[in-house]
Amino acid sequence: MGENLATTRHRWRLPGAICLVAIATLFAFAATQNSTFVMAAVATVAITAMAAALASDAARSTDSRSNSAERLPGDLIPDVAKQLLGSIDEPLLLLDSASRLVFANRATQTLVRLDALGKPLVSVFRTPALLQAVRSAQETGQPQKVAFTVPVPVQQHFEAHVSRTADRLLLIHIRDVSDIRRADELRADFVANASHELRTPLAALTGFIDTLRGHARDDPEARERFLEIMSTEARRMRRLIDDLLSLTKIELNEHNPPGGEVDLVETLRDAADALKPLADSAAVTLEIEPHQPAYATGDRDQLTQLFQNILHNAIKYGREGGQVRVRFGVVASSSQRGEKQISVAIEDEGEGISRDAIPRLTERFYRVDVKRSREKGGTGLGLAIVKHILNRHRGRLEIDSIPGRGSTFTAYLPASPRTATVIEVLQSTSIIG
Ligand code: ADP
């Protein structure tokens, strides 16, 4: 018995090492391709290859033992194989030819109970689709792929690949595809919302075209009025398309942090200048607190867009005849490294926002009051753009509001090395506390 085990271990060393090297090479290749699809394909190929090697060895070790009835189920698998399969961080289950569970790696912990070993799969997993796939793979020898959902404790979506080895062992490789499913759902919702938003002004435009061709044809006064509305709707479509393109561009670049240095005080002044006509028409005064230059690490165009969006909202939803104030500050970030951050707080005196709406404000197309946003020319994408620009800059947004009194939107951005040094010098000479 001891000799057999030693022989099995010895036999396993070479294929085990080859598999490990092959898997490492494949994963390295997949990582350079930077593609989830390639990673998934590579993972499945690599795991199945290793399982095939494992299975044939396991079967050989089975043959070499005489009293198979007394054997524990996990005994079919040599230790080195268990270690290899156990080190893979995606759930893997191995069944014998009677569909009993003979091995489950650590990643299956949340899916199967610890005492499941040796039990038939049907008493461990109650998912009909998976059980059917296992039966088909066992009967036909063809690999099967099946999707299934586990509803509790939180809904999770999985994809299982079932393959049979030459020795009638079955490998089930399970992948958690919840994130991919959620991303697909979000994308589908986004397309539906964007189409809906575009359809509204488009319907208005086509309606007015018909009216102008029909009974308003000889009514110059009505024609002028309708043309004015058409022009407003066309501008709205344009803003929506600009915001959609902007959002896509920022998202595509989000993983790539900017490297430039931007003076936030100057950027805020430029954004405020661009919005001055709008502020004047709402009789809103823009007040930027005096401050020495505050350099952040960032992309100037994107930061201008970020502050324009927040300032624009403060004017749109602020009090007519009121004030919008901008204040700067320097804080230590909450990260362990404690880097310095520059805070830019934009404060208005508008109606404010209810507490439960605050967490949703940066969702695409979310508005507290859809009618009001449309009347003010809003697209519902301004704060989503702000959020993604801040993500790219490794910054964050804080929203405080007192209904009836006003709101404060504070953007935190990483201070550039130059600003951080100036602050340290000022702190060490006790000029600032
Ligand atoms: P919109 O184009 O509708 O302004 P945003 O994404 O910029 O879209 O903002 C989303 C929603 O957040 C707005 O529709 C509005 O309801 C609310 N909001 C944003 N800024 C303010 C503010 N300063 N005061 C009150 N509500 C605000």
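Start by selecting strand 10 (residues 340-347) and strand 12 (residues 406-414): they run antiparallel, joined by seven bridges. Helices (H or I, at least four residues) and strands (E, at least two) are DSSP runs, numbered from the N terminus. Within this pair, Val344 stands opposite Ala411 of strand 12. You are looking at a predicted model, where local features need pLDDT of at least 70 and side-chain atom pairs count only at pLDDT 80 or more, while totals for chains, interfaces and linings use all residues. To find your way, count residues from 1 along each chain as its sequence is written.

Next, widen the selection to the open sheet, which has five strands in the order 7-9-10-12-11 with mixed pairing; two strands pair if DSSP finds at least two bridges between them. At the edges sit strand 7 (285-288) and strand 11 (396-402), each pairing on one side only. From one strand to the next, the twist averages 20 degrees.

Now add helix 8 (residues 264-274), which packs on the sheet and touches strand 7, strand 9 (323-332), strand 10 and strand 12. Residues are in contact if their C-beta atoms, placed from the backbone, lie within 7 Å. The direction of helix 8 makes about 170 degrees with that of strand 7; axes are lines fitted to C-alpha atoms, for helices over the stretch in contact, and angles run from 0 to 180 degrees between N-to-C directions.

Where is the largest nonpolar core? Select Leu264, Ala296, Leu306, Ile310, Leu311 and Ile346, the residues with the most contacts inside this core of 38 residues. A nonpolar core is a set of buried Ala, Val, Leu, Ile, Met, Phe, Trp, Tyr and Cys residues joined through C-beta atoms within 7 Å. A residue is buried if 20 or more other C-beta atoms lie within 10 Å of its own, exposed if 12 or fewer, and partly exposed in between, with C-beta atoms placed from the backbone. Helix 10 gives the core its largest share, seven residues. Leu306 is a good one to click: not counting residues up to four places away in sequence, it touches Val386, Ile389, Leu390 and Ala411. A second, separate core has 27 residues, including Leu92, Leu94, Phe103 and Ala104.

Time for the ligand. Its shell holds 21 residues, and Arg367, Val368, Ser373, Gly378 and Gly382 are the closest; a residue is near a molecule if its C-beta atom, placed from the backbone, lies within 6 Å of it. Helix 10 (300-316) and helix 12 (382-392) each supply at least two shell residues. Nine of the shell residues are nonpolar, nine polar and three charged.

Two loops are worth a stop for their backbone angles. Ala283, in the loop between helix 9 (276-281) and strand 7, has a positive phi near 55 degrees. Ala283 is exposed, with 10 other C-beta atoms within 10 Å. Phe365, in the loop between strand 10 and helix 11 (370-375), has a positive phi near 70 degrees.

Finish at Phe208 in helix 6 (residues 178-213). Is Phe208 buried or partly exposed? With 18 other C-beta atoms within 10 Å, Phe208 is partly exposed. Phe208 touches Phe226, Ile229 and Met230, not counting residues up to four places away in sequence. Phe208 and Phe226 are 18 residues apart in sequence and 6.5 Å apart in space, C-alpha to C-alpha.

Key: Ala, Val, Leu, Ile, Met, Phe, Trp, Tyr, Cys and Pro count as nonpolar, Asp, Glu, Lys and Arg as charged, and the others, Gly among them, as polar. Two residues are in contact if their C-beta atoms, placed from the backbone, lie within 7 Å.
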